[in-house]
Amino acid sequence: MSAATATRTETCSCGATVVGEIATGYMADLLNKLELVCDDCTAAADAARADSERRNQEQRHLDHVATALTTLPSALRSVQLDQLDVPGREGALDAAKRWATRDLLGLVLLGPFGVGKTTLAAGAVRRHIEHDPVAPRWL
């Protein structure tokens, strides 16, 4: 013969009726003071917590990206690979994009003064940082 479990009935903040067991034993006084919450409100609170954690992770990523971008010279921090005009240098742009997305292990840019090597490298580093904030140092 099993003993009947004592229950308590409360109204959730949404108005639903919630039935819960009355705790006994260690810390029962504290547990019995906790507000009972219905399944719908519990699910909504869990979803809100998950959404908040996702937003916090996104913000931490953006903060890491912003910090990592400070390794670039300030005049080059806004350079975007997709906005570079490189007629005749499509191969270099493709290689920079592949390096930035880790399809290539390294990248060496060669050419005369003033052809855009530094700008292309800055754009590649920026994209690399956006994919992984623990980015290579600007040397």
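Student: At 25% relative accessibility, what does Leu104 count as?

Tutor: This is a predicted model, where local features need pLDDT of at least 70 and side-chain atom pairs count only at pLDDT 80 or more, while totals for chains, interfaces and linings use all residues. Residues are numbered from 1 along each chain as its sequence is written, and side-chain values use heavy atoms, with hydrogens and water left out. Buried means under 20% relative accessible area and exposed means over 50%, with partly exposed in between (1.4 Å probe, protein chains only). Leu104 has 25%, so it counts as partly exposed.

Student: Leaving out residues up to four places away in sequence, which residues does Leu104 touch?

Tutor: Let's place it first: helices (H or I, at least four residues) and strands (E, at least two) are DSSP runs, numbered from the N terminus. Leu104 sits in the loop between H3 and H4. Contact means heavy atoms within 4.5 Å. By that test, and not counting residues up to four places away in sequence, Leu104 touches Ala95, Arg98 and Trp99.

Student: How far apart are the C-alpha atoms of Leu104 and Glu130?

Tutor: Along the chain, Leu104 and Glu130 are 26 residues apart. In space, their C-alpha atoms are separated by 16 Å.

Student: Leu109 is in that loop too, I think; what is its relative accessible area?

Tutor: Good eye: Leu109 lies in the loop between H3 and H4. Leaving aside neighbours within four places in sequence, Leu109 is in contact with Lys117, Leu120 and Ala121. Leu109 is partly exposed because its relative accessible area is 24%.

Student: What is the phi of Arg102 near?

Tutor: Most residues other than glycine have a negative phi. Arg102 is another residue of the loop between H3 and H4, and it is partly exposed at a relative accessible area of 36%. Its phi is positive although Arg102 is not a glycine, with a value near 70 degrees.

Student: Where is Met27, which has a positive phi of about 65 degrees, found?

Tutor: Met27 is not a glycine, yet its phi is positive, at about 65 degrees. With a relative accessible area of 41%, Met27 is partly exposed. Its place is the loop between S2 and helix H1 (28–33).

Student: How many bridges join S1 to S2?

Tutor: Two strands pair if DSSP finds at least two bridges between them. Strands S1 (residues 7–11) and S2 (residues 17–21) run antiparallel. They form a hairpin with 5 residues between them, and Gly15 in the turn has a positive phi of about 105 degrees. The number of bridges joining S1 to S2 is 5.

Student: Which residues make up the covered face of S2?

Tutor: The uncovered face of S2 holds Thr17, Val19 and Glu21. Looking across to S1, Arg8 has Gly20 as its bridge partner, and Glu10 stands opposite Val18. The covered face is made of Val18 and Gly20.

Student: Which residues have the most contacts inside the largest nonpolar core?

Tutor: A nonpolar core is a set of buried Ala, Val, Leu, Ile, Met, Phe, Trp, Tyr and Cys residues joined through side-chain atoms within 4.5 Å. The largest one has 17 residues, and helix H2 (39–69), helix H3 (90–100) and H4 each supply at least two of them. The largest share, 5 residues, comes from H4. Those with the most contacts inside this core are Leu81 and Ile129.

Student: Beyond its neighbours within four places in sequence, what is Leu81 in contact with?

Tutor: Nonpolar side chains tend to be buried together in soluble globular proteins. The contacts of Leu81 include two charged partners as well, going by residue names. Leaving aside those neighbours, Leu81 is in contact with Leu93, Ala96, Lys97, Ala100, Leu120, Gly123, Ala124 and Arg127.

Student: How far apart in space are Thr118 and Leu76, C-alpha to C-alpha?

Tutor: Thr118 is found in helix H4, and it is partly exposed with a relative accessible area of 45%. Thr118 and Leu76 are 42 residues apart in sequence. Between their C-alpha atoms the separation is 8.7 Å.
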